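Trainee: Please give me a close look at a single part of this model, and set out with care what surrounds it in the chain.

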Amino acid sequence: MDWDKLRIFHAVADAGSLTHAGDALHLSQSAVSRQIRALEESLNTTLFHRHARGLILTEQGELLFDATAAMVKRIDAATARIRDSEEEVFGELKVTTTHGFGVLWLAPRLTKLYEKYPDLRVDLMLEERVLDLPMREADVAIRMKEPSQADLIRKRLMSIRMRMYAAPQYIAERGMPGSLDELSTHRLICQNPASSQVAAGKLLVQELLTYDIQTALTVNNYFGVLQAVVANLGIGVLPDYIIEDFPSVVRVLPEIESNEVPVFLAYPEELRHSKRVAAFRDFVQEEIFAHRRQLRAMGAD
């Protein structure tokens, strides 16, 4: 089978359009169309249903696309390993983590990584869904539980807990609750228990909502919860790692917190010797150490 035709087929299937695939491949639409037609003829089958809004894979096309997708991932993995044989840290590194950790903790610290490795390109993928590292959906993952996938190198970075916080102005205006029963006179800001979140946070929110809370705001990510807290809207349930960067918020009912949530960094065994992965891993560990020192100095542990 002609590898070039397979490459063009994969681009068309991925884009769902001859025009968009042609743009990506720097080929004319007619050239792309000829290659697809030749591939269909060589296989004696139809790979695409054509309609006004674009192209849809046939059953036979889906089978071929699954094969080419696996090929592309293997080639990407081989390319990454070849590049990592160089001394310099450069190229793309695909990092996945949760929305909350990525937005509130990791992204604000990436300046230091880029200062040290200006030729590195980080593709930060914020997903509650666990991406498949062995299949190279991402190179490195930071997750709020130990990864269950096989053939992964994993390292526990730290532990976090979900706690309650409010802005000083809100407490000045509404008062500090002295017990869980007094939460009924306050607005609770949290993730909906039905939304994707760490199990320990979900359990804490479910417990708090049993206390006859009269008004609440639910947001499907911790960044939204934090913004509402900072805007004096109520008492928010948030991960404790926000405190270093938002020292003005006040902890509410300090005896109430979730169970411990472990934070793990993981990457595929085949990237064990990757200089890009090593650079990112070391950077995160250094930032974790600095984070712990800062929390101790603030007395927030």
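Mentor: What follows starts with the largest pocket, goes on to three loops, and ends with one helix.

The model is predicted, so local features are taken up where pLDDT is at least 70 and side-chain atom pairs where it is 80 or more, while totals for chains, interfaces and linings use all residues. Residues are numbered from 1 along each chain as its sequence is written, and side-chain values use heavy atoms, with hydrogens and water left out.

The largest pocket holds about 570 Å³ of space. A pocket here is an open set of points on a 1 Å grid over the protein atoms alone, each with room for a 1.4 Å probe and with protein on both sides within 12 Å along at least five of seven lines, and its lining residues have an atom within 4 Å of a point; the volume is the space filled by probe spheres set on the points, which are joined across faces, edges and corners. There are 33 lining residues, and the closest to the centre of the pocket are T98, R143, M144, K145 and V198. By character, the lining divides into 17 nonpolar, 11 polar and 5 charged residues, where Asp, Glu, Lys and Arg count as charged and Gly is among the polar ones.

Where does the largest pocket lie with respect to domain 2 and domain 3? Because domain 2 (91-158 + 262-298) and domain 3 (159-260) both give residues to its lining, the pocket lies between them; the domain bounds come from an automatic or database assignment. At least two lining residues each come from α5 (99-106), β5 (140-143), β6 (152-160), α8 (199-208) and β12 (261-268), helices being DSSP runs of H or I of at least four residues and strands runs of E of at least two.

Several of these elements are joined to loops that deserve a closer look. The loop between β5 and β6 contains D151, which is not a glycine and yet has a positive phi of about 60°. D151 counts as exposed because its relative accessibility is 60% (buried is under 20%, exposed over 50%, partly exposed in between, with a 1.4 Å probe and protein chains only). Although D151 and E270 are 119 residues apart in sequence, their C-alpha atoms are 8.4 Å apart in space.

The loop between β11 (250-252) and β12 holds L253, another residue that is not a glycine but has a positive phi, here about 50°. At 4% relative accessibility, L253 counts as buried, whereas D151 is exposed.

A107 is found in the loop between α5 and α6 (110-116). With a relative accessibility of 36%, A107 counts as partly exposed, and its C-alpha atom is separated by 8.5 Å from that of L124, which is 17 residues away along the chain.

One helix, α10 (residues 275-298), rounds off the picture. Its 24 residues should span 34 Å at 1.5 Å a residue, a figure reached by multiplying 1.5 Å by one less than the number of residues, and the end C-alpha atoms are 34 Å apart, which agrees. Many side chains along a helix can differ in their surroundings, and in α10 the buried residues are R276, V277, A279, F280, F283, V284, Q285, E287, I288, H291 and L295. After α10 comes G299, whose phi is positive, near 70°.
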